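Me: Got a minute to go through this fold with me? I'd like to start with one of the helices and its sheet.

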Amino acid sequence: MAQWQFPDGFLWGTATASYQVEGAASEDGRGPSIWDTFCRTPGKVKHGHTGDVASDQFHRYAEDVKLMRDLGVGAYRFSLAWPRIFPQGTGAQNPKGFDYYHRLLDALLAAGIRPAVTLYHWDLPQPLEDAGGWPARDTAKHFADYAAACFVALGDKVDFWITLNEPWCSAVLGYELGIHAPGRTGRAAAHRAAHHLNLGHGLAVQAFRVGGGRGEIGTTLNLAATRPATRREEDVLAADRARDKGSRLFLDPLFGGNYPQRLLDAYPDAPLPIKEGDMEAIAQPLDFIGVNMYSESAVRHDPNHPEQFAHVPSPYPQTDMGWDITPLGIYRLLKWVDDEYGHPTVYVTENGCAMPDVLSDDGTRCHDPGRVDFLRRYIAACGEAVRDGVDLRGYFVWSLIDNFEWSFGYTKRFGIVYCDYGDCRRVPKDSFHFYREVIAGNEGFGPA
Ligand code: GCO
C-alpha cells in the first residue's frame, strides 16, 4: 500500500460558502440575493428549501471554528455574502455585514487557521440582477468595487483571496440552463455573463494589486474533467473539445490568451461582448489557481452537437449526486492544467462527495464509509500529482458541514460533519476522524 507523504507546508483545509451555511438571511441588514428569490420560485429548489437558516453558521461560527481546530486544518475557505455587505449591491455599505466577518476572521486567526476568502460564491444581490445581472457589463464594475471595499476592510486578516467560485456555474447553470439562480435561459446571455465574470475577476485583481494588499489572490474554477470514451481519434478530439466551454473559456483569458476559437465558431449567435482592453484586464498575473473537482466523465464524438461531443455513461460507482467516483480523474485534471498552462501554482479548493449519511441510533456517531473511501482515494491521487511535478500546494474538502446544496436543497449531504437540521446540532462523521489522520501525518493512504 503506497503512502503519500505531502510536502512540508502543504495546506489542508475545508470549504463552505455563505448562502449554503450562514443562514440569518435577513439579520443585521443583509439584503436579498438571487438565491433568496430563486428558492421562493415554485419548482426551482427541492421541497422549496431555502438558505434562511442553513447550517446556522452565522450564529454557530465559534463552534465550527472549534471543530476545525480539533480537525487540525491549516485553512478554512468560506465566502462573503455580497448582500450582507452591500444590501443594494452597490452604494451604501452595511457595517454590520463586515462586523460578522471580522468576528469569524478573528476566531479563525485565534485558532491558528488561515482564512481563504471567496468574494463571490453565487449570491448576487438581487438589485443587481434586476439591473441586468452578469449579462450586463456594469455588474463587473460593481463586483470590483465590492471587492475593493472588502480588501480595505478585511485585508489585514486574510491570507488567500479567491475572486470567483466556478464562474461556469454562474454563467451556464444560472443564465443558460436556468437550474441555478437567477434561473434564466438563453445561450447569448450566458456567454455575456461569462465574459463579464472574467472581466469582474480581472478588475478585482487589479484593485487588489493597486491597494497593495497582503496575502495572495487567485480564482476558483470547476474545470471540465473529461476522458475519451474510446481510443478513436474522433473521441479523443471530442474529449478535448468538451474542455473549450468548461475550462478554456475561463482559463485561456486568465493566462493571457483569447477565447477558444472553436467555441466562438460553434455559437455565432452568442458572441462574447469584448471591448477594447478587456482581455488585458482579465489577464492579471495570479498567485494561484483554485481547482474544484468532483468527477470525470467519458466523452465521445457527436456530429449533431454544435461542439461535436456527447457525454456517455460509464461503469463507475456513483455518489449520491449520481456523479461517477473517478479518483484518477483528479490526477489527470491537475496534470492537464499543469501541462497546458505552464506549471501554475494550484490548490484543490473543493473535493468531496454527497452520501446518504445517517446518524447512529444514539445520535453520537455518523458512519460514512463511502466518503472515507472517496477522500482516501482522491487524496492519494493528489499525492501522485505532487510526485509527478504538479505545483499543488493544498487541498480543501467540500465540505466542513452538511449544507444547502443549491437546487437539491438539504437533500444532499456533503459534510464531514453532520448537521441535524432540526436543531443544527453538529456531529463529526467518521470521515472527519479520517481526515484528521491525513492532516496529522501530512500523508495520504493507499492506491488511488
Ligand atoms: C460547487 C460549489 C459548491 C457545491 C459543491 C457540491 O462546486 O458547485 O462550489 O457550492 O455545493 O460543489 O455540488
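Reply: Sure. Helix H10 (residues 233-254) lies across E7, E9 and E10, and runs at about 120° to E9. Keep in mind that this is a predicted model.

Me: What's the strand order in that open sheet, and what kind of pairing does it have?

Reply: The order is E7-E9-E10, three strands with mixed pairing. Strand E7 (226-228) and strand E10 (309-312) are the edges, each pairing on one side only. On average, neighbouring strands in this sheet are turned by 45° against each other, ignoring direction.

Me: And how many bridges join E9 to E10?

Reply: Four, with strand E9 (residues 297-301) and E10 running antiparallel. In that pairing, His301 sits opposite Phe309 of E10.

Me: OK, on to the barrel. How many strands, and in what order?

Reply: Eight strands, closed, going E2-E3-E4-E5-E6-E8-E11-E12 with parallel pairing. From one strand to the next the twist averages 25°.

Me: How do E2 and E12 pair?

Reply: Strand E2 (residues 11-15) pairs with strand E12 (residues 392-398) in the parallel sense, over five bridges. Ala15 has Trp398 in E12 as its bridge partner.

Me: Which strands does H15 touch there?

Reply: H15 packs on the sheet and touches E2 and E12, with its direction at about 155° to that of E2.

Me: H15 also packs against H14, I think. What's the geometry?

Reply: Helix H14 (residues 369-387) and helix H15 (residues 430-441) have axes that come within 9 Å and cross at roughly 25°. That angle is why H14 counts as roughly parallel to H15. The crossing of these two helices is right-handed.

Me: Which residues meet there?

Reply: From H14 you have Arg371, Val372, Leu375, Arg376 and Ile379, and they meet Asp430, Ser431, Phe434, Tyr435 and Val438 of H15. The residues of that contact split into six nonpolar, one polar and three charged.

Me: Now H7 and H9. How do their axes sit?

Reply: The axes of helix H7 (residues 138-154) and helix H9 (residues 187-211) come within 8 Å, crossing at roughly 30°. H7 and H9 are therefore roughly parallel to each other.

Me: Is that crossing left-handed or right-handed?

Reply: H7 passes H9 in a right-handed crossing.

Me: What's in the contact, residue-wise?

Reply: On the H7 side it's Ala140, Lys141, Phe143, Ala144, Ala147, Ala148 and Phe151. They meet His196, Leu199, Gly200, His201, Leu203, Ala204, Ala207 and Phe208 in H9. By type, the residues of this contact divide into 11 nonpolar, three polar and one charged.

Me: Changing topic: what about the hairpin? Which strands form it?

Reply: E13 and E14 do, with four residues between them. Strand E13 (residues 417-420) and strand E14 (residues 425-428) run antiparallel and are joined by four bridges. Asp420 stands opposite Arg425 in E14.

Me: Which residue in the turn has a positive phi?

Reply: Cys424, with phi of about 65°.

Me: Last one, aromatics. How many pairs turn up in the whole structure?

Reply: A search finds 42 aromatic pairs. One of them has Tyr19 and Trp35 with ring centres 6.4 Å apart and planes at 35°, so that pair is tilted.

Me: Where do Tyr19 and Trp35 lie?

Reply: Tyr19 is in helix H1 (residues 18-21) and Trp35 is in helix H2 (residues 34-39), so the pair ties together parts 16 residues apart in sequence.

Notes
Residues are numbered from 1 along each chain as its sequence is written. This is a predicted model: local features need pLDDT of at least 70, side-chain atom pairs count only at pLDDT 80 or more; totals for chains, interfaces and linings use all residues. Side-chain values use heavy atoms; hydrogens and water are left out. Axes are lines fitted to C-alpha atoms, for helices over the stretch in contact, and angles run from 0 to 180 degrees between N-to-C directions. Angles under 35 degrees count as roughly parallel, over 145 as roughly antiparallel, 65 to 115 as roughly perpendicular and the rest as oblique. A crossing is left-handed if the near helix is turned anticlockwise from the far one by less than a right angle, and right-handed if clockwise. Contact means heavy atoms within 4.5 Å. Ala, Val, Leu, Ile, Met, Phe, Trp, Tyr, Cys and Pro count as nonpolar, Asp, Glu, Lys and Arg as charged, and the others, Gly among them, as polar. Two strands pair if DSSP finds at least two bridges between them. Rings of Phe, Tyr and Trp (its six-membered ring) pair if their centres lie within 6.5 Å; planes under 30 degrees apart count as stacked, over 60 as edge-to-face and the rest as tilted.
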